[in-house]
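Reader: I have been given a protein model with a bound ligand and would like to study it step by step. May we go through it by question and answer?

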Amino acid sequence: MRILAIESSCDESAAAFLEVKRGRILRLESIVATQAIHAKFGGVVPEVAAREHSAAMPHVLDVIAEKVVGVADGRKLGRAVDVVAATQGPGLVTSLKVGLDTGRALAAAWGKKFVGVNHIAGHVAASWLPGAPLELGTVADRAVFPALALVVSGGHTELLLMPRQGEYRLLGATRDDAAGEAFDKTAKLLGLGYPGGPALAKAALAGDPSAFDFPRPMIHDKHDDFSFSGLKTAVRYFVEQNRERLVEPKFIADVSASTQRAITSTLVAKSVRAAEREKVRTVILAGGVAANAELRESLRDALAAKLPAVRFAVPAFAYCTDNAAMIAVAAYFQANRRRFTDWRTSDADGGWELGRG
Ligand code: KG4
Ligand code: ZN
């Protein structure tokens with residue numbers, strides 16, 4: 001099966017080509033164009049993002065065509081594709097529409113099947129891409145499921161139970177800010193720039209994670225929900241009270257390391273507990289914040305210590321943040337079960353929640 005996938009849910013315009021034969025990835029081409037313009041505003045401006053997607057999409061498709069068929073020729077690319085896929089939600093509706101409508105139009109023009117993909121399912125599916133430990137195929141699936149997925153990104157913090165491939169039950173989610181938002185907002189407060197996650201992680205390298213004891217909301221609560229707004233507020237008050245110390249690099253490093261530790265320790269504690277209770281075979285870490293080295297390492301270590309029989313899967317760094325390769329592999333899982341989407345009637349769903357109800 002040869003899939004062309006498009007992703008445009010936030011501020012990355014991305015396309016990918018994936019060829020799978022008898023459960024093996026034969027070919028993967030992927031391009032991600034990140035919209036640099038939002039750094040100026042310190043956050044994603046939806047109207048601007050949608051316009052940027054419109055401008056970038058033809059170029060992104062040309063690059064994929066050149067990689068796949070050697071020339072920027074849409075008709076040739078169409079002959080090399082069996083299924084067209086695009087992210088349908090969740091995300092910014094105006095941004096989603098650009099990629100989704102491009103995919104719908106290509107499926108219509110080429111006479112191909114279409115798959116609308118959930119962005120979160122895409123993040124989870126990234127653990128089946130090269131550089132991650134999971135393998136495609138039903139035999140491999142038996143050793144993977146049931147699985148627990150912790151999806152942590154700029155807009156989401158979710159614990160999902162996957163009884164089998166393509167099935168999701170939402171166990172818990174953030175009640176306020178997402179984990180990525182907690183990283184981004186703290187980084188902004190410390191003047192570390194945008195996007196804040198990687199900047200805060202870098203600053204934290206020189207800091208002491210136990211320097212300041214920031215709150216870990218809901219860490220001991222029985223439910224699987226999260227809350228990060230209290231942490232954000234606590235850090236803000238603390239920084240305001242110590243404003244004169246913002247000139248000290250060591251202070252910035254210590255606040256960064258302590259904030260990072262508060263976020264990651266909460267995520268790890270709740271994930272390990274849910275994994276134990278649900279008796280899963282695998283824990284999958286996914287989403288942009290999965291690129292965070294401390295989170296990857298501390299979750300891996302905690303699982304190895306407490307649940308040594310449980311497998312840990314995390315995508316290669318390049319496939320943690322938004323990309324279309326993850327959408328392509330999620331589309332493969334759907335197409336394999338013949339769960340196609342009608343391109344004539346499909347519409348962007350900004351609030352599409354995976355596994356609820
Ligand atoms: O999945 P993603 O690319 O976009 C959304 O779907 O939201 O995630 C972006 C989020 C941002 O909040 C960004 O700051 C965070 O992932 N992020 C990180 C790191 N790399 C990206 N957070 C912490 N450490 C990182 N290394
Ligand atoms: Zn994402």
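**Ligand 1 and selected backbone features**

Author: We may begin with one contact of the ligand, bearing in mind that the model is predicted. An oxygen atom of ligand 1 is placed 3.0 Å from a polar backbone atom of Gly 288.

Reader: How much of the accessible area of ligand 1 does the protein cover?
Author: On its own, ligand 1 has 560 Å² of accessible area. The part of this area covered by the protein is 88%.

Reader: Which residue places a side-chain N or O atom 3.0 Å from a nitrogen atom of ligand 1?
Author: Two other contacts can be set aside, since each involves a backbone atom. The contact of Gly 180 is made by a backbone N or O atom, 3.3 Å from an oxygen atom of ligand 1, and that of Gly 288 is made by a polar backbone atom. The side-chain N or O atom lying 3.0 Å from a nitrogen atom of ligand 1 belongs to Asn 292.

Reader: Which helix gives the most residues to the shell around ligand 1?
Author: The shell around ligand 1 has 16 residues. Helix H4 (119–125), helix H6 (179–189) and helix H7 (196–204) each supply at least two of its residues. The helix that gives the most, with 3 residues, is H6.

Reader: How many residues in the shell around ligand 1 are polar?
Author: The closest residues to ligand 1 are Gly 154, Asp 184, Gly 197, Asn 292 and Asp 322. By class, the shell has 4 nonpolar and 2 charged residues, while the number of polar residues is 10.

Reader: Which domains each give at least three residues to this shell?
Author: One of them spans 2–127 + 319–336 and the other spans 143–314. In that order, they are domain 1 and domain 2.

Reader: Which proline follows Phe 145 through a cis peptide bond?
Author: A cis peptide bond joins Gly 89 to Pro 90, with omega near -5°, and Pro 90 is in the loop between strand S4 (83–89) and helix H3 (93–110). Another cis bond begins at Phe 145 and has omega near 0°. Its proline is in the loop between helix H5 (138–144) and strand S6 (147–152). This residue is Pro 146.

Reader: What is the phi of Met 218?
Author: Met 218 lies in the loop between H7 and helix H8 (229–241). Although Met 218 is not a glycine, its phi is positive, at about 65°.

Key. Residues are numbered from 1 along each chain as its sequence is written. Chains are lettered from A and ligands numbered from 1 in the order in which they are written. This is a predicted model: local features need pLDDT of at least 70, side-chain atom pairs count only at pLDDT 80 or more; totals for chains, interfaces and linings use all residues. Side-chain values use heavy atoms; hydrogens and water are left out. A residue is near a molecule or strand if one of its heavy atoms lies within 4 Å of it. A polar contact is a pair of N or O atoms within 3.5 Å; within protein, one must be able to donate a hydrogen and the other to accept it, and residues adjacent in sequence count only if both atoms are side-chain atoms. Accessible areas come from the Shrake-Rupley method with a 1.4 Å probe; for residues, only the protein chains shown count as cover. Helices (H or I, at least four residues) and strands (E, at least two) are DSSP runs, numbered from the N terminus. Ala, Val, Leu, Ile, Met, Phe, Trp, Tyr, Cys and Pro count as nonpolar, Asp, Glu, Lys and Arg as charged, and the others, Gly among them, as polar. Domain bounds come from an automatic or database domain assignment.
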